[in-house]
Amino acid sequence: MTQTRQFDAADLALERALDDAADRVQGAATVSVQCWLLLRRGRLAEARALAVEWADEVEPRMSRATPTELSAWGWLLLRVSAAAIRDNRPGEAGDALRLARSAAVALGEECTPEGDFLRTFGPVTVALKRTENAMVAGRPDEVLSLAAKIPADSLKPTSNNRNRHLLDVAGAQTQLRQYAEAVDTFNKIRAGSPQWLPNQRYARDILVRIVSGRRTLTPEMRELADLVHLPV
């Protein structure tokens with residue numbers, strides 16, 4: 001519901017899930033999605049404050065933390081970073097990202113608690129979010145430099161990590177007028193998640209720039225425009 005912009009219904013569902021949380025780690029996973037919802041609604045200060053509060057609450061002892069605890073704490077730190085970079089707080093965003101990386105290093109690899117892909121966390125996840133921050137900060141060259149070091153093609157198509165990362169790559173390529181490369185990146189997303197793209201305003205915004213930057217459109221560009229309901 002958060003992904004498809006059914007915000008009020010998502011808010012109600014998350015409140016009920018938090019009420020029913022079995023423990024603070026499960027509660028933290030729910031709060032992470034609540035922070036995502038606040039970010040989607042542009043309520044940056046609220047998202048940051050909520051993520052900071054819960055990150056402080058569930059910070060584990062690194063010497064004996066379980067993978068589930070590290071994932072919960074790490075994701076809350078990533079929410080802090082995401083809210084801060086969007087609220088023009090780069091120092092705070094960087095600090096939160098460094099702490100998240102320490103949790104990822106302690107894990108050593110990607111971990112998916114209880115098989116929930118939205119909670120997958122580890123070194124690759126942190127690298128993806130570092131790239132996202134660079135895109136938000138308006139540094140397309142850095143986005144492509146960081147992305148070149150991430151094995152994105154080996155990741156499963158997921159809305160919160162791989163797909164969003166590839167949109168950042170396509171956005172950076174578009175800003176640098178690498179239109180053919182951006183279309184190739186879009187096609188990677190379409191191949192794995194054709195039902196996901198039409199719900200992404202971000203994807204539509206990038207395609208608007210591609211279309212406006214080209215005198216003629218290739219059949220692939222027209223297909224993508226049709227997929228995200230963009231008139232051309």
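This report looks at the main pocket and at one helix pair in a predicted model.

Residues are numbered from 1 along each chain as its sequence is written, and side-chain values use heavy atoms, with hydrogens and water left out. In this predicted model, local features need pLDDT of at least 70 and side-chain atom pairs count only at pLDDT 80 or more, while totals for chains, interfaces and linings use all residues.

**The pocket**

Let's start with the largest pocket, which has a volume of about 630 Å³. (A pocket is an open set of points on a 1 Å grid where a 1.4 Å probe fits, with protein on both sides within 12 Å along at least five of seven lines; lining residues have an atom within 4 Å of a point.) Among its 22 lining residues, Trp36, Arg40, Arg86, Glu132 and Arg164 are the closest to the centre. Helix 4 (67-86) is one of the helices that supply at least two lining residues each, and with five residues helix 4 gives the most.

**The helix pair**

Now to helix 8 (162-175) and helix 9 (179-192), whose axes come within 8 Å and cross at roughly 170°. The two helices are therefore roughly antiparallel (over 145 degrees). On the helix 8 side, the contact (heavy atoms within 4.5 Å) includes Leu166, Leu167 and Val169, and on the helix 9 side it includes Tyr179, Phe186 and Ile189.

Here are both sets of residues by class, where Ala, Val, Leu, Ile, Met, Phe, Trp, Tyr, Cys and Pro count as nonpolar, Asp, Glu, Lys and Arg as charged, and the others, Gly among them, as polar.

| Set | Nonpolar | Polar | Charged |
|---|---|---|---|
| Lining of the largest pocket | nine residues | four residues | nine residues |
| Contact of helix 8 with helix 9 | eight residues | four residues | three residues |

Terms used
Points joined across faces, edges and corners; volume = space filled by probe spheres on them. Helix = DSSP H or I, 4+ residues; strand = E, 2+ residues; numbered from the N terminus. Axes fitted to C-alpha atoms, helices over the stretch in contact; angles between N-to-C directions. Parallel < 35°, antiparallel > 145°, perpendicular 65-115°, else oblique.
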